[in-house]
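Reader: I'd like to learn how to read a structure like this one. Could we take it feature by feature?

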Amino acid sequence: NPNQISLNVSIPFNATIGNYDVIAGPSSLGQFFTLTAGFAVTSFVNDELTGAVAISPSATCNWISGNTLNATASTSCSPPTPSCGNYNANGDVWYSLVVPASGVISISTQSGTNSPLMTDPVMAVYRGSCGSLIEVACNDNGAGLFPSLYLYGQTPGTTLYIRIWPKTNSPSGEFQICATSCNTPTNDDCSSATNLGTPANGTCSMATYSTLCATPSSISAPSCGNYNGSDVWLKFSAPASGRVGITSQPGSMTNPAMALYSGSCNALSLLSCATNGSSYSQEYPYLSANGLTPGATYFIRLWPENGSNTGSFQLCLTDLGSLSSISPPSGTPTQTLNAILTGQNTYFDPGTSSGTSMSVRFIRNGSSDQFLANSASVINPNQISLNVSIPFNATIGNYDVIAGPSSLGQFFTLTAGFAV
């Protein structure tokens with residue numbers, strides 16, 4: 001009617017705080033007339049903890065957009081100064097969630113889609129009530145410069161408050177946030193380790209596992225990988241050769257670490273620990289073990305190195321078979337050798353044709369010591385012809401051999417190995 005206008009309006013995230021007048025006119029005339037009505041643009045509803053936007057944890061990440069542009073430093077509820085991120089009265093925004101029955105929560109952030117964008121946010125989580133908040137955790141950088149937090153052992157039904165702000169001297173703007181939860185994996189503890197059986201000779205069948213929603217073990221931290229919890233366990237029975245190769249392959253985890261133990265869950269002994277070495281990815285670990293007691297049970301522990309992201313990974317076991325040796329040709333005791341490696345079943349595609357160029361790597365058991373063959377090619381699916389220069393400074397010990405077609409840039413463990 002002459003006194004009312006019905007409208008739909010989207011207030012931009014970058015709208016400047018202040019009082020706005022409203023002018024209007026018929027679209028066909030292109031003329032505007034001032035109305036008596038006006039409004040004020042203030043800070044976001046979640047600029048203070050009392051207006052925290054509720055997030056519902058789900059099995060998968062349902063991203064929602066947030067923005068710190070024009071946000072102000074919190075004044076209500078007297079939240080404690082965060083323990084990370086150089087907080088200095090930065091403009092912050094708040095979210096809340098209710099802890100699910102599992103007591104496990106993963107909170108992630110990523111870049112927004114609309115400019116201006118946050119580039120270096122920080123996140124802190126609190127529990128308690130207004131005026132008596134306690135910090136649960138704080139994270140500056142998770143995925144790149146965007147923070148993430150993995151919380152376990154939280155009390156189901158408790159409300160947690162999430163505080164996000166731009167790190168000092170970084171821009172305010174749009175970002176995205178989500179919260180996920182799930183049940184702890186069945187192999188979360190040593191006592192419920194997934195049984196992989198006895199490794200077979202000549203086969204390496206990858207299977208997928210996950211550290212998502214895993215919790216810390218009460219067993220002492222391993223000697224590598226900056227253990228920070230979220231581990232899962234697997235076990236196997238040693239083959240008659242007493243030699244086993246443990247290979248991991250990328251999934252959604254970015255940087256796992258792995259340890260091998262002997263004994264029982266209440267009395268484990270650490271045998272070896274690795275953070276890299278897999279031929280599939282520089283950040284994925286490989287372990288080999290010699291002198292295992294045939295038929296005895298051994299345990300594998302895998303976790304995200306340095307508290308990095310949890311997620312899926314692939315792993316397989318190989319019976320490395322009896323140790324072979326590489327000897328110089330008769331009468332030519334030189335360090336550069338032409339040799340033929342024979343495995344009961346090498347792991348490159350059995351259909352690989354004769355003469356196919358191969359990459360061959362030698363890795364000393366339980367270490368990162370390694371060197372490459374000068375050249376290698378396929379004779380048949382069970383044999384590789386190679387030329388290798390064993391470095392004069394090569395560490396004395398037993399070496400495993402891994403190989404794969406040069407064109408693929410992938411390596412597969414061979415059953416053959418040798419001793420320097």
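Author: Sure, and keep in mind that this is a predicted model. Let's begin with the largest pocket: 32 residues line it, and those nearest its centre are S148, L149, Y150, S308 and N309.

Reader: How much space lies in the largest pocket?

Author: About 740 Å³.

Reader: And what is its lining like by class?

Author: Sort the lining residues and you get 13 nonpolar and 19 polar ones, with no charged residues.

Reader: Which strand gives the most to the lining of the largest pocket?

Author: That's strand 9, with four residues. Strand 6 and strand 11 (174-180) join in too: like strand 9, each of them supplies at least two lining residues.

Reader: Okay, so how do I read a sheet?

Author: Here's the general idea: strands of a sheet pair through backbone hydrogen bonds, and the pairing is either parallel or antiparallel. Now the case here: one open sheet has four strands in the order 4-11-6-9, and its pairing is antiparallel. Strand 4 (64-67) and strand 9 (148-151) are the edge strands, each pairing on one side only. On average, neighbouring strands of this sheet are turned by 25 degrees against each other, ignoring direction.

Reader: How many bridges are there between strand 6 and strand 9?

Author: Four, and the two strands pair in the antiparallel sense; strand 6 covers residues 105-111. For a spot to look at, find S108: its bridge partner in strand 9 is S148. You've already met S148, since it is one of the residues nearest the centre of the largest pocket.

Reader: What about the sheet with the order 3-5-10-7-8?

Author: That's an open sheet too, with five strands, but its pairing is mixed. At its edges are strand 3 (53-54) and strand 8 (132-139), and each pairs on one side only. Inside the order, look at strand 7 (residues 121-129) and strand 10 (residues 159-166): they run antiparallel, joined by seven bridges. One such bridge links Y126 to its partner Y161 in strand 10.

Reader: Stepping back, how many helices and strands does the protein chain have?

Author: Zero helices and 27 strands.

Reader: And what share of the protein chain is buried?

Author: Count a residue as buried when its relative accessible area is under 20%. On that basis, buried residues make up 45% of the 420 in the protein chain.

Reader: Last one: how do I read contacts along the chain?

Author: Look at how far apart the partners sit in the sequence. Of the contacts with a separation of 6 or more, 76% are between residues 24 or more positions apart.

Note on methods. Residues are numbered from 1 along each chain as its sequence is written. This is a predicted model: local features need pLDDT of at least 70, side-chain atom pairs count only at pLDDT 80 or more; totals for chains, interfaces and linings use all residues. Side-chain values use heavy atoms; hydrogens and water are left out. Two strands pair if DSSP finds at least two bridges between them. Axes are lines fitted to C-alpha atoms, for helices over the stretch in contact, and angles run from 0 to 180 degrees between N-to-C directions. On a 1 Å grid over the protein atoms alone, a cavity is a set of points where a 1.4 Å probe fits but cannot get out, and a pocket is an open set with protein on both sides within 12 Å along at least five of seven lines; lining residues have an atom within 4 Å of a point. Grid points are joined across faces, edges and corners, and a volume is the space filled by probe spheres set on the points. Ala, Val, Leu, Ile, Met, Phe, Trp, Tyr, Cys and Pro count as nonpolar, Asp, Glu, Lys and Arg as charged, and the others, Gly among them, as polar. Buried means under 20% relative accessible area, exposed over 50%, partly exposed in between (1.4 Å probe, protein chains only). Contact means heavy atoms within 4.5 Å.
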